[in-house]
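The following exercises concern a single protein chain. Each task is followed by a solution set out in steps.

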Amino acid sequence: MSLKRRATELAADAAKKPKANAAITSFFTQPKPSKHSSSSADPTAAATTPTPFDKDAWVAKLTTEQKELLQLEIDTLHESWLGALKEEVVSKEFLELKRFLKREKEAGKQVFPPSEDVYSWSRHTPLPTVKAVILGQDPYHNINQAHGLCFSVRPPTPAPPSLKNVYIALKKDYPDFRAPPKNGGLLTPWADHGVLLLNTCLTVRAHDANSHAGKGWERFTQKVIDAVAKKRVNGVVFLAWGTPAQKRCAGINSSKHLVLKSVHPSPLSAHRGYLDCGHFRKANEWLRERYGEEGVIDWDLDVKAEEAGV
């Protein structure tokens with residue numbers, strides 16, 4: 001079985017038969033009745049219609065200090081996410097995090113990923129497009145590695161050991177899977193196909209692992225997870241690899257969403273069940289059942305860097 005049929009084939013299929021349940025692009029709308037939803041109207045449907053976010057009006061209400069501290073969020077956090085997180089980014093906890101990052105910069109500390117990439121996950125995977133969530137921990141802390149997507153590295157950096165184990169597990173699910181060329185580790189195609197690749201911490205001091213842990217990112221990224229669980233009412237898949245990721249998913253409503261758990265793909269633990277976890281196929285089976293073929297994730301990564309939007 002191929003990872004995903006060609007778009008023309010899908011279009012032909014769509015013309016022949018109705019789609020299963022709701023389309024993947026209508027996550028904010030009420031799903032059609034199925035065994036996953038009662039025949040009566042969804043009581044959450046009215047509340048899930050997105051309220052238009054007036055970014056300019058929101059920015060105009062910020063104080064001078066808030067505008068200065070939040071310039072990166074204003075400029076680079078996708079508007080769908082900024083609208084969902086607008087209250088969090090002006091909280092005292094988040095503003096203190098931004099003051100910490102400002103002090104790091106003023107002290108001459110090199111921080112990864114580059115500032116323009118801190119929120120690249122939000123631009124590759126806007127909130128209304130999320131199909132699945134993969135949770136990471138700390139960004140890579142060496143040069144030309146972290147670029148805002150968990151597990152992902154830019155070419156020519158080779159795939160790190162944990163990511164190589166991800167490829168092994170994926171290959172077992174889909175023998176036709178094609179990894180990036182030249183032993184690469186670029187995962188932007190997944191992000192563009194609706195896989196939110198989110199780290200627990202979004203920044204790290206160069207060559208100093210976990211150096212920005214406990215500074216406030218954990219609260220912020222939990223709000224991101226909570227926003228997905230709340231807004232994507234028709235259901236998404238959370239792939240929780242390792243205990244920290246599983247703790248992040250503890251509050252997710254399993255009647256709406258699918259949470260797949262396993263050990264982390266790190267070489268220290270992958271042999272204890274990760275390599276045979278079957279998460280990639282399980283995710284697609286669940287999405288196909290709910291949304292039809294257009295809900296299936298194309299896990300292939302053998303694309304040119306320029307096509308992946310690097």
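**Exercise 1. A lysine and its surroundings**

Which residues does lysine 98 touch, not counting residues up to four places away in sequence?

*Solution.* The model is a predicted one.
Step 1. Locate the residue: lysine 98 belongs to helix H7.
Step 2. List its contacts. Beyond four places in sequence, lysine 98 touches Leu69, Leu70, Leu72 and Glu73.
Step 3. Classify its exposure. Lysine 98 counts as buried because its relative accessibility is 7%, and the cut-off for buried is under 20%.

**Exercise 2. Confidence and overall composition**

Determine how much of the chain reaches a pLDDT of 70 or more, and identify a stretch where pLDDT stays under 50.

*Solution.*
Step 1. Take the chain as a whole: the mean pLDDT is 86, and 81% of the residues reach 70 or more.
Step 2. Turn to the stretch in question. Over residues 1-48, pLDDT stays under 50, and the model has 78 contacts beyond four places in sequence for these residues.
Step 3. Add the secondary structure, which comprises 13 helices and 6 strands.
Step 4. Consider burial and contact range. Of the 310 residues, 50% count as buried. Among contacts with a separation of 6 or more, 72% are between residues 24 or more positions apart.

**Exercise 3. The second largest pocket**

Describe the volume and the lining of the second largest pocket.

*Solution.*
Step 1. State the volume: the second largest pocket holds about 470 Å³ of space.
Step 2. Describe the lining. It has 16 residues, and those nearest the centre of the pocket are Leu72, Leu101, Lys102, Lys105 and Ser115.
Step 3. Assign the lining to helices. Helix H4 (64-69), helix H5 (71-76) and helix H7 (92-106) each contribute at least two residues; H7 gives the most, with 4 residues.
Step 4. Sort the lining by residue class, which yields 8 nonpolar, 3 polar and 5 charged residues.

**Exercise 4. The largest nonpolar core**

Which members of the largest nonpolar core touch the most other members, and which helix gives the most to this core?

*Solution.*
Step 1. Recall the general expectation: in soluble globular proteins, nonpolar side chains tend to be buried together.
Step 2. Identify the members with the most contacts. The core has 75 residues, of which Trp81, Trp121, Trp190, Trp217, Phe220 and Phe280 touch the most other members.
Step 3. Name the helix: H11 (residues 217-231) gives the most to this core, with 7 residues.
Step 4. Examine one of these members. Beyond four places in sequence, phenylalanine 220 touches Leu85, Glu88, Val89, Phe94, Tyr119, Trp121 and Leu202.
Step 5. Follow the contacts to helix H6 (residues 79-89), where Trp81, Leu82, Gly83, Leu85, Glu88 and Val89 are buried. The buried residues of H6 pack against helix H3 (55-60), H5, H7, helix H8 (120-124), strand S3 (195-199) and H11.

**Exercise 5. Backbone geometry in the loops**

Locate two cis peptide bonds and two residues other than glycine with positive phi.

*Solution.*
Step 1. Set the reference: most residues other than glycine have a negative phi, and most peptide bonds are trans.
Step 2. Take the cis bonds. The bond from phenylalanine 112 to proline 113 is cis, with omega near -5°; proline 113 lies in the loop between strand S1 (111-112) and H8. Proline 155 and proline 156 are also joined by a cis bond, with omega about 10°.
Step 3. Place proline 156 in the loop between strand S2 (132-136) and helix H9 (161-173).
Step 4. Take the positive phi values. Asparagine 144 has a phi of about 60°, and phenylalanine 151 has a phi near 70°. The loop between S2 and H9 contains asparagine 144 and phenylalanine 151.
Step 5. Contrast their exposure. Asparagine 144 is partly exposed, with a relative accessible area of 37%, whereas phenylalanine 151 is buried at 10% relative accessibility.

**Exercise 6. Tyrosine 167**

Is tyrosine 167 buried or exposed, and which residues does it contact beyond its neighbours within four places in sequence?

*Solution.*
Step 1. Place tyrosine 167 in helix H9.
Step 2. Classify it: tyrosine 167 counts as buried because its relative accessibility is 9%.
Step 3. List the contacts of tyrosine 167, namely Ala159, Phe177, Ala179, Pro180, Gly184, Gly185, Leu187 and Leu301.
Step 4. Compare sequence with space: tyrosine 167 and leucine 275 are 108 residues apart in sequence and 9.0 Å apart in space, C-alpha to C-alpha.

Terms used:
Residues are numbered from 1 along each chain as its sequence is written. This is a predicted model: local features need pLDDT of at least 70, side-chain atom pairs count only at pLDDT 80 or more; totals for chains, interfaces and linings use all residues. Side-chain values use heavy atoms; hydrogens and water are left out. pLDDT is the predictor's confidence in each residue, from 0 to 100. Contact means heavy atoms within 4.5 Å. On a 1 Å grid over the protein atoms alone, a cavity is a set of points where a 1.4 Å probe fits but cannot get out, and a pocket is an open set with protein on both sides within 12 Å along at least five of seven lines; lining residues have an atom within 4 Å of a point. Grid points are joined across faces, edges and corners, and a volume is the space filled by probe spheres set on the points. Ala, Val, Leu, Ile, Met, Phe, Trp, Tyr, Cys and Pro count as nonpolar, Asp, Glu, Lys and Arg as charged, and the others, Gly among them, as polar. A nonpolar core is a set of buried Ala, Val, Leu, Ile, Met, Phe, Trp, Tyr and Cys residues joined through side-chain atoms within 4.5 Å. Buried means under 20% relative accessible area, exposed over 50%, partly exposed in between (1.4 Å probe, protein chains only).
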